[in-house]
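Notebook open, coffee poured. I want to go from the whole chain down to a couple of single residues.

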Amino acid sequence: MIIDCHGHYTTAPKALEGWRATQVKALEGGAAAPGRADLSISDDELRESLEKSQLRLQRERGTDLTLFSPRAMAMSHHIGKAETSQEWSRLCNDLIHRVCTLYPANFAPVCQLPQSPGVAPANCIPELERCVKELGFVGCNLNPDPSGGHWKDPPLTDRWWYPLYEKLAELDAPAMVHVSASCNPCFHATGAHYINGDTTAFMQFLTSNLFRDFPTLRFVIPHGGGAVPYHWGRYRGIAQDMKLPPLGEHLLGNVFFDTCVYHQPGIDLLLKVIPVDNILFASEMVGAVRGVDPETGFHFDDTKRYIDAAPGLTAADRAKIFEGNARRVYPRLKLPA
């Protein structure tokens, strides 16, 4: 089985965007706030939104199951207040649950958290529990910067986050560290803000003793870890200067990386630097990069091709990257042995 640990519902029916637009307009006093019951999307519309996109690409590229979450860019936790995020997150999570109920063999649900700048992460616990305990979600996306590029909240290692981590540990559910839209013009969303978020999260973990307090907590850093593999020597040196344990001992029992890296040399570097046990296959299709690479003739986000072509990997290595590591990191996945 080939498990893609990083997929977003980027092809959701337009009615979802319309609902959100009305919600945002209501914040500006231009409309009445919509209720969740005001969103009307049929099962047939859900099927149509997936059959020609994610499901077609799964079949064409030879992948089996995608861990599926709401569109990351649309989380936009910086919009409105906590109540705004609560309504929007619940609406999006319910839609993901419907998709995964329609296609249980193709998708497993990962939830959006109702974060909001300046609001304690503990506020997210009821929605996390609802999704995991009641709806069968296997993990969540955690935004390290709900302010959308201004980084106003404490770092991920601050005790401000601890109540949420306690719940994640109790539920044995991992979190993918994933920023959302950038409202700071200095940072292009997918080209800079996403990669900044990945790199920043790793550095926060490195300079803390978070995993002494939470030895079973697991994070997936997406997009190949941002700048991390390329600067692994720098981070090893920083840890050494700070009298911290070696990175393998300090972080790699709890921190994992995906393969959303869109060229062969980048994947090869990731595989050379990061241990195979810490790499989960992912594509983020249909996501930030949708075009065909003119140098190869294949889509940039057809990442399975890169793993297949990577030099030096054994069959056992590929089995871990494609399946085994995802089963280990996401133990709530209900899969055949």
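What percentage of the 337 residues of the chain count as buried? I looked it up: 54% of them do. Note to self before going on: this is a predicted model.

**Overall build**

I checked the radius of gyration next. The chain comes out at 19 Å, and a compact globule of 337 residues would have one near 20 Å, so the two agree. For the outline I took the C-alpha trace, which spans about 55 × 45 × 40 Å along its principal axes.

Then I asked how far along the sequence the contacts reach. Taking those between residues at least 6 apart in sequence, I found that 76% join residues at least 24 apart.

**Surface and charge**

The exposed area of the chain is about 14100 Å², and I noted that carbon and sulfur atoms supply 53% of that. I also looked at the charges. There are 33 positive and 38 negative ones, and their mean positions lie 1 Å apart.

**Helices and the sheet**

My tally of secondary structure for the chain reads 14 helices and eight strands. How are the eight strands ordered in the sheet? They run S1-S2-S3-S4-S5-S6-S7-S8, the sheet is open, and the pairing is parallel. The edges are strand S1 (3-8) and strand S8 (279-280), and each of these pairs on one side only.

I picked one pair to look at in detail. Strand S2 (residues 65-69) runs parallel to strand S3 (residues 107-112), and three bridges hold the pairing on record. For Leu67, I traced the bridge partner in S3 to Ala108.

**Thr11**

Where does Thr11 lie? I found it in the loop between S1 and helix H1 (14-27). Setting aside neighbours within four places in sequence, I listed Ser49, Leu50, Ser53 and Gln54 as the residues in contact with Thr11. I also took the distance from Thr11 to Glu48: 37 residues apart in sequence, but 9.6 Å from C-alpha to C-alpha.

**Arg130**

Last stop was Arg130, which sits in helix H6 (residues 125-134). Is Arg130 buried or exposed? Its relative accessibility is 8%, so Arg130 counts as buried, the cut-off being under 20%. Again leaving out neighbours within four places in sequence, I wrote down Arg90, Asn93, Asp94 and Leu135 as the contacts of Arg130.

Methods: Residues numbered from 1 in each chain as written. Predicted model: local features only at pLDDT ≥ 70, side-chain atom pairs only at ≥ 80, totals over all residues. Heavy atoms only, no water. Helix = DSSP H or I, 4+ residues; strand = E, 2+ residues; numbered from the N terminus. Rg over C-alpha atoms; globule rule 2.2 N^0.38 Å. Buried < 20%, exposed > 50% of the residue type's maximum accessible area, 1.4 Å probe, protein only. Contact = heavy atoms within 4.5 Å. Areas by Shrake-Rupley, 256 points an atom, 1.4 Å probe, with all protein chains shown as cover. Lys, Arg positive; Asp, Glu negative; His and termini not counted. Charge placed at Lys NZ, Arg CZ, Asp CG, Glu CD. Pairing = 2+ DSSP bridges.
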